[in-house]
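Work through the exercises below with the model open beside you. Try each task before reading its solution.

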Amino acid sequence: MGLFGSSSFVVFLLGLVLLLNIAVFCNGGKTSTFVRKVEKTNDMPLDSDVFQVPHGYNAPQQVHITQGDQVGKAVIVSWVTVEEPGSSKVLYWSEWHRKQKKVAEGKFTTYKFYNYTSGYIHHCTIRNLEFNTKYYYVVGVGHTERKFWFTTPPEVGPDVPYTFGLIGDLGQSFDSNRTLTHYESNLQKGQTVLFVGDLSYADTYPNHDNARWDAWGRFVERSTAYQPWIWTAGNHEIDFAPEIGETKPFKPYTKRYHMPYKASGSTAPFWYSIKRASAHIIVLASYSAYGKYTPQYRWLKDELPKVNRSETPWLIVLMHSPWYNSYNYHYMEGETMRVMYEEWFVIYKVDVVFAGHVHAYERSERVSNIAYNVVNGICSPVKDQSAPVYITIGDGGNLEGLATNMTEPQPAYSAYREASFGHAIFDIKNRTHAYYGWHRNQDGNAVEADSMWFSNRHWHQVDDSTTSSQ
Ligand SMILES: *[C@@H]1O[C@H](CO)[C@@H](O)[C@H](O)[C@H]1NC(C)=O
Ligand SMILES: *[C@@H]1O[C@H](CO)[C@@H](O)[C@H](O)[C@H]1NC(C)=O
Ligand SMILES: *[C@@H]1O[C@H](CO)[C@@H](O)[C@H](O)[C@H]1NC(C)=O
Ligand SMILES: *[C@@H]1O[C@H](CO)[C@@H](O)[C@H](O)[C@H]1NC(C)=O
Ligand SMILES: *[C@@H]1O[C@H](CO)[C@@H](O)[C@H](O)[C@H]1NC(C)=O
Ligand SMILES: [Fe+2]
């Protein structure tokens, strides 16, 4: 035993146990010990089943829909034709009036990117839809017609249940396909996807091979044609490539994906808001100017006081680059935006912030870090029941692989973190309660690797922390 007599060794051991205990309590929440099977994270080859071009002359492909106004009575339908422009019309009818077929007229556009020329990209907004109604729609009128359907949301109101899916940083790898499949087979059916940015990862290919933008559009069509995906711009949407003469940021993204940004008074498609059922959703742009006096700053400053929690109790913010992130990736990238806007999130009691960018999963406690004034030294996150929960869900499964390297020890603000691919469901029950669950790809449909009952910050501001009982 050398230095220690046997009794003093026991005391030493006890002390060690105590110390370890203290260390455990000082640290944050849980770092999952889940061990992943190491699998390749390669993009699916272009001849994969998911990328198949639909049959027929000038058949519409890459069909996707998103909300088309502020309240959910309009839908933007988008698709691409390749051989010739063809018709930009959408035929549509509700399941209650099958004989009353209506027509909306859209427009098409094209673009070039280095030596790539796009197909004919059609966008058509259909308006004045009934709430809570299933609609069928047809695109490709005059050539090869393809039929899809969607269901409009219920009218905006405080106790309307609604289920959002959450996916980020999806890409087009074999893991991306697993994530999408797992989302589709989830028993709690997501009705709309809140997508937190980084869609196709086409920019990882030589010359940002935009054929991978097309491939991605075909891959996700099996979901995006049937339910709206609410888009957030990520860094892989920038496509800024001065070395090949491409100096207009976001060109492919803005040509291919339209948002109803004007409906919320925004002046650019990168930041905007929608109301859907009982939620007010604010989409922010990590890669557009957000400093004081910028268009995004002015818009958000005007937007937050407009949120009416009697109408939409749930205030959800989407952005790409997370503000709270305890992985050793993208360190501090969200920090400047946090400094600009975090105080507003606390004042207006945002319920939850979803971000992507870091290719892993993490959920924070309700914390804020807004007391610092450069000289007072008060610069650590503190528990704050008016603050949102920050969730990083950049774990869609793109080709860049998992972010596995975490800061140690786990910071106190971090409630749960795990380097696995997956998706989440935010299931609003009524104005006070929402059930949130994160699903890792390796598990069965019913398994939630992390979950939390959210208490609404406006209507039911109780401590809803999953660790508060400890
Ligand atoms: C674009 O240029 C690259 C090389 O610079 C070449 O490999 C590729 O085939 C070209 N693509 C088209 C559509 O011309
Ligand atoms: C993608 O997932 C779907 C649904 O599970 C499956 O049918 C398809 O074969 C998968 N494709 C690839 C390339 O993994
Ligand atoms: C907020 O919404 C409620 C319920 O729809 C409505 O009665 C009220 O007038 C709204 N308040 C404002 C300031 O618009
Ligand atoms: C994890 O990140 C830290 C900080 O950036 C770095 O020092 C360390 O080498 C990384 N570890 C591994 C295994 O990559
Ligand atoms: C809201 O939903 C929660 C969870 O389902 C439930 O416990 C609660 O009773 C509901 N509140 C009202 C007013 O119905
Ligand atoms: Fe990213």
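The exercises cover two ligand sites, two sheets and some backbone outliers.

This is a predicted model: local features need pLDDT of at least 70, side-chain atom pairs count only at pLDDT 80 or more, and totals for chains, interfaces and linings use all residues. Residues are numbered from 1 along each chain as its sequence is written, ligands are numbered from 1 in the order in which they are written, and side-chain values use heavy atoms, without hydrogens and water.

**Exercise 1. Ligand 2**

Task: list the residues around ligand 2 and find its polar side-chain contacts.

Solution. Start with the shell, where a residue is near if one of its heavy atoms lies within 4 Å. Around ligand 2 it holds Met44, Ser48, Asp49, Val50, Phe174, Asn177 and Thr181. Next, sort by class: three are nonpolar, three polar and one charged. (Ala, Val, Leu, Ile, Met, Phe, Trp, Tyr, Cys and Pro count as nonpolar, Asp, Glu, Lys and Arg as charged, and the others, Gly among them, as polar.)

Then look for polar contacts, pairs of N or O atoms within 3.5 Å. An N or O atom in the Asp49 side chain is 2.5 Å from an oxygen of ligand 2. For a polar side-chain atom of Asn177, the distance to a ligand 2 oxygen is 2.3 Å. For one of Thr181, it is 3.3 Å. Finally, the cover: the protein takes up 56% of the 360 Å² of accessible area that ligand 2 has on its own. (Areas come from the Shrake-Rupley method with a 1.4 Å probe.)

**Exercise 2. Ligand 5**

Task: do the same for ligand 5.

Solution. The shell consists of Lys429, Asn430, Thr432, His433 and Trp453. Its classes are one nonpolar, three polar and one charged. A polar side-chain atom of Asn430 sits 2.3 Å from an oxygen of ligand 5. Of the 360 Å² of accessible area that ligand 5 has on its own, the protein covers 36%.

**Exercise 3. Two sheets**

Task: give the strand order and the edges of each four-stranded open sheet.

Solution. Strands are DSSP runs (E, at least two residues), and helices are runs of H or I with at least four, both numbered from the N terminus. Two strands pair if DSSP finds at least two bridges between them.

One sheet runs β2-β3-β9-β6, with antiparallel pairing. β2 (61–67) and β6 (107–109) each have a single partner strand, so one side of each lacks a neighbour in the sheet. The twist averages 20° from one strand to the next. (Axes are lines fitted to C-alpha atoms, and angles run from 0 to 180 degrees between N-to-C directions.) Inside, β3 (75–81) and β9 (120–126) share seven bridges. One bridge sets Thr81 against Tyr120.

The other sheet has the order β5-β4-β10-β11, also antiparallel. Its edges are β5 (102–105) and β11 (146–151). Here the twist averages 30°. β4 (89–94) joins β5 through four bridges, and Lys89 stands opposite Glu105.

**Exercise 4. Backbone outliers**

Task: which peptide bond is cis, and where is Pro409?

Solution. The cis bond joins Glu408 and Pro409, with omega about -5°. Pro409 lies in the loop between β21 (389–393) and β22 (414–418).

Task: is Tyr201, with its positive phi, buried or exposed?

Solution. Most residues other than glycine have a negative phi. Tyr201 has phi of about 60°, in the loop between β13 (192–195) and α3 (211–224). Tyr201 is buried, at 0% relative accessible area. (Buried means under 20%, exposed over 50%, partly exposed in between.) His208, in the loop between β13 and α3, has phi of about 55°. At 10% relative accessibility, His208 is buried.

Methods:
Polar contact = N/O pair within 3.5 Å; in protein donor to acceptor, adjacent residues only side chain to side chain. Buried < 20%, exposed > 50% of the residue type's maximum accessible area, 1.4 Å probe, protein only.
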